[in-house]
Amino acid sequence: MSKYGYFSKDGMEYIVTRPDTPAPWVNYLTNKNYHAMITNVGGGYSFYQSPKDSRITRWRYNGLPWDRPGKYVYLRDAEDGDYWSLSWQPTPKKLDLYECHHGLGYTSITEEYKGIRSNITYFIPLQDDLELWRVSLTNKTDKVRKLSVFSYVELCLGHALVDLINQPNDQHFNDVHFIKDDNTLYATKRYWVTYSGVTVKQPNKPWNKWVFLSNTLPISGFDGSKNKYIGKWRSEQNPIAIEEGNCRNTEITSGDAVGAIQNEITLNPGQTIDFVVVMGVVDKLEELPTGAKGDLSEKSYRTLSLPLVKKYTDVKTADAELAKLKAWWKDYLQRAQVETPDPEFNLMMNVWNQYQNKTTFNFSRNASYHHGGLMFGRGYRDSCQDMLGPVMYEPDVVRERILEMGRHQFKNGSVMHCYFPISGGGERTGHSDTPLWFPV
């Protein structure tokens with residue numbers, strides 16, 4: 001056991017025992033299409049397929065305080081107004097208990113503060129394009145506790161590099177609104193750049209996704225405006241909405257976008273409440289489904305998102321999906337195992353090297369916690385190497401990647417040095433070694 005953590009007995013989790021690690025310790029969650037990073041204190045960002053072209057949430061590079069923003073659930077005690085986060089950051093309180101379990105495809109953080117035991121588990125189900133934050137709260141005290149729950153993400157909505165370098169203009173096109181009957185907050189952008197190079201050309205098209213954010217519990221308040229939710233001269237550490245105990249119910253058609261939803265709960269002594277926060281993306285349909293009536297911009301995303309909201313805000317469904325995810329990884333790992341006299345070598349080879357290889361293949365070194373995925377797209381040479389990891393385990397999946405990469409090779413044998421899966425195109429640099437890696 002190190003100063004900061006240890007492997008579980010079965011080797012399937014790394015357990016972080018204190019939040020103030022030397023650097024944020026990151027887990028990579030993905031189902032090949034929907035990707036998210038989550039640190040041991042709730043930092044990280046999410047994207048769909050491409051971290052440049054279809055970014056969902058923001059993350060600040062080289063920022064201080066570091067590891068912000070993230071995927072946060074805060075609690076506020078109605079009795080004294082004290083508030084804290086279920087992931088330690090961004091409200092670094094002195095906790096009575098902290099443990100983070102980084103597992104295969106999931107991260108689970110357990111805390112105890114002021115007699116409230118909490119657990120939040122982040123994961124992406126195997127099939128659908130969304131992420132789940134499965135939360136459990138237990139009152140360990142002998143008195144009734146009234147709590148406000150605030151779930152929060154800072155939204156990017158589309159092209160991450162444009163969002164970073166052209167924020168004053170890019171934010172004019174954000175849409176965030178709440179539909180009470182759906183118990184869901186929706187967000188999209190009306191302007192989307194997909195060009196790879198530097199240009200002032202205007203594509204004049206919207207981002208092709210809608211983001212939805214919902215909760216098992218009835219939503220009592222919400223915010224789509226970052227300025228209104230956070231407040232002036234503040235940060236994620238002390239949002240004015242949480243400090244005062246109420247979201248502002250802001251909907252925007254312009255401005256810096258966030259997804260913030262509020263719930264009210266009462267915990268009796270010894271009582272436990274479970275709920276699920278779900279955030280995902282659905283396509284922006286070009287036409288209404290057959291027989292549907294109503295406004296296109298309204299009908300399309302609700303038709304696609306509401307079945308997902310209904311499915312995944314059910315706690316039993318979320319638990320079943322987490323069990324499926326763990327079973328999938330167990331089966332994957334069993335396809336190749338080594339046995340040597342060295343237990344630590346066996347642990348690395350049989351679990352964590354395989355997890356690293358598969359995760360690297362899915363992310364394709366397109367993005368990481370330190371590499372923002374803003375400029376270069378999917379590296380051709382990198383992806384060729386990445387395929388060697390899972391080829392013995394999932395030959396059909398690797399075949400799909402080979403065909404994808406083959407579409408970026410030219411008649412003379414040269415290839416794109418890097419390419420963009422969503423927007424197409426890439427960069428021809430003339431690297432003579434890049435096509436040599438293509439395993440055909």
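Which exposed residues does the face of H9 turned away from its buried side carry? In this predicted model, the answer is Asp396, Arg399 and Glu400. The opposite character belongs to Val397, Val398, Arg401, Glu404 and Met405, which are buried in H9. Viewed along the helix axis, these buried residues fall within an arc of 115°, so they line one face of H9. The general geometry is familiar: an α-helix has 3.6 residues a turn, so residues three or four places apart point the same way. The length of the helix can be checked as well. H9 comprises 12 residues, 395–406, which at 1.5 Å a residue should span 16 Å; the C-alpha atoms at its ends are 16 Å apart, in agreement with that expectation.

The buried residues of H9 have several packing partners: helices H7 (343–363) and H8 (380–386), together with strands S20 (378–379) and S21 (418–419). Within H7 lies Asn362. Asn362 is buried, since its relative accessible area is 7%, under the 20% that marks a buried residue. Leaving aside residues up to four places away in sequence, Asn362 touches Arg401, and also Thr30, Lys32, His35 and Arg378. Arg401 is itself one of the buried residues of H9.

Elsewhere, attention turns to internal space. The structure holds one cavity of 30 Å³ or more, and the volume of the largest cavity is about 40 Å³. Its lining consists of Val153, Leu155, Leu185, Tyr186, Ala187, Val211, Leu213, Gly259 and Met279. Strands S13 (145–158), S15 (184–189) and S16 (209–215) are the elements that give two or more residues to this lining, and S15 supplies the largest share, three residues. By class, the lining has eight nonpolar residues, one polar residue and no charged residues.

The backbone also deserves inspection. Most residues other than glycine have a negative phi, and most peptide bonds are trans. The loop between strands S6 (55–57) and S7 (72–77) contains Pro65, and the peptide bond from Leu64 to Pro65 is cis, with omega near -5°. Pro69 is also placed in the loop between S6 and S7; a cis peptide bond with omega of about -10° joins Arg68 to Pro69. Asp67 has its place in that loop too, and has a positive phi of about 65° although it is not a glycine. Asp67 is buried, with a relative accessible area of 3%.

Asn249, likewise not a glycine, has a positive phi of about 55°. Asn249 lies in the loop between helix H4 (240–244) and strand S18 (257–267), where it is partly exposed, with a relative accessible area of 41%.

Technical notes:
Residues are numbered from 1 along each chain as its sequence is written. This is a predicted model: local features need pLDDT of at least 70, side-chain atom pairs count only at pLDDT 80 or more; totals for chains, interfaces and linings use all residues. Side-chain values use heavy atoms; hydrogens and water are left out. Helices (H or I, at least four residues) and strands (E, at least two) are DSSP runs, numbered from the N terminus. The expected span of a helix is 1.5 Å times one less than its number of residues. Buried means under 20% relative accessible area, exposed over 50%, partly exposed in between (1.4 Å probe, protein chains only). The arc is that of the directions from the helix axis to the C-beta atoms. Contact means heavy atoms within 4.5 Å. On a 1 Å grid over the protein atoms alone, a cavity is a set of points where a 1.4 Å probe fits but cannot get out, and a pocket is an open set with protein on both sides within 12 Å along at least five of seven lines; lining residues have an atom within 4 Å of a point. Grid points are joined across faces, edges and corners, and a volume is the space filled by probe spheres set on the points. Ala, Val, Leu, Ile, Met, Phe, Trp, Tyr, Cys and Pro count as nonpolar, Asp, Glu, Lys and Arg as charged, and the others, Gly among them, as polar.
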